[in-house]
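Okay, thanks for making time for this one. I'll put the model on the screen, and then we'll walk through it together.

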Amino acid sequence: ALTHLLIGITKIIRAGVRRWSVPMLGWIGFVAFLCIDYWFSVWHARNDPVWTLGFVCFLLLLGALLFINCWLIMPEVEPDEPIDLAAHMSVVRRKFLVGLLLYMTCGQVANLMLSGFQSPAVKLLGVAQISLIVTAIRFDSPRVQLGVIAVLYVLTGWYALNFIPEL
């Protein structure tokens, strides 16, 4: 998933941008963090006693959902044809955000299953993230999108500093 994002970013740089979309760039950055967080979470769970076939399949589902979101968010790039990120955002916003909502909801379920993520703060964080994504699905306004992304970045920074011990 992260590789797909990096390849997509490289293609965008190579082709150039006709019209920018700051919300689209914000969502791409958020999804890039989710890719890194997924691997930290799997690493953190390595000593957890919940490793059953069902749990492994659930983790694979999460990885697949993350990959699909990375695929949806990146525009198709034609060689030497600049990308219109704003137009791409309007085309994929709902599909991508519904996929992201599904990923975040499943991620919340995974957090509830893993030791170390049982605190009320993590549960509240998950509810806040899911609520923000629902807001982003519902409202197309670039200002709303930027506001949601800004709050998600703040919450994600807090989460990373408090729950990713490797940081």
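**Inside, outside, and one odd loop residue**

So, let's start with Leu 5. Leaving out anything up to four places away in sequence, Leu 5 touches Ile 28, Val 31, Ala 32, Cys 35, Cys 70, Ile 73 and Met 74. Keep in mind throughout that this is a predicted model.

Now zoom out a bit. The largest nonpolar core has 43 residues, and Leu 5 is among those that touch the most other members, along with Trp 27, Leu 62, Ile 73, Leu 100 and Tyr 103. Which elements give two or more residues to this core? That would be helix H1 (2-15), helix H2 (22-44), H3, helix H4 (85-113), helix H5 (120-138) and helix H6 (142-163). The top contributor is H4, with eleven residues. And there's a second, separate core of six residues, which includes Leu 125, Tyr 159, Ala 160 and Phe 163. As a general point, nonpolar side chains in soluble globular proteins tend to be buried together.

Next, have a look at Leu 59, over in helix H3. Is Leu 59 buried or exposed? Its relative accessible area is 9%, and the cut-off for buried is under 20%, so Leu 59 counts as buried. Setting aside neighbours within four places in sequence, Leu 59 is in contact with Tyr 38, Val 42 and Trp 51. If you're wondering about Trp 27, that residue is 32 places from Leu 59 along the chain, and their C-alpha atoms are separated by 22 Å.

Okay, over to the surface. There's a nonpolar patch of about 430 Å² there, made by Leu 2, Leu 6, Ile 9, Ile 13 and Ile 36. Helix H1 gives the most to that patch, with four residues. Take Leu 2, which sits in H1. Why does Leu 2 count as partly exposed? Because its relative accessibility is 32%, and partly exposed runs between the 20% and 50% cut-offs.

Last stop, and one for the backbone people: Asp 80. You'll find Asp 80 in the loop between helix H3 (53-73) and strand E2 (83-84). What is phi of Asp 80 near? It's near 60°, so to speak on the positive side, in a residue other than glycine. Most residues other than glycine have a negative phi. As for the side of things we've been following, Asp 80 has 73% relative accessibility, which is over the 50% cut-off, so Asp 80 counts as exposed.

That's my tour; happy to go back to any of these spots.

Key: Residues are numbered from 1 along each chain as its sequence is written. This is a predicted model: local features need pLDDT of at least 70, side-chain atom pairs count only at pLDDT 80 or more; totals for chains, interfaces and linings use all residues. Side-chain values use heavy atoms; hydrogens and water are left out. Buried means under 20% relative accessible area, exposed over 50%, partly exposed in between (1.4 Å probe, protein chains only). Contact means heavy atoms within 4.5 Å. A nonpolar core is a set of buried Ala, Val, Leu, Ile, Met, Phe, Trp, Tyr and Cys residues joined through side-chain atoms within 4.5 Å. Patches are made of residues with over 30% relative accessible area and no salt bridge: like charges are joined within 9 Å, nonpolar side chains (Val, Leu, Ile, Met, Phe, Trp, Tyr) within 5 Å. Accessible areas come from the Shrake-Rupley method with a 1.4 Å probe; for residues, only the protein chains shown count as cover. A salt bridge is a side-chain nitrogen of Lys or Arg within 4 Å of a carboxyl oxygen of Asp or Glu.
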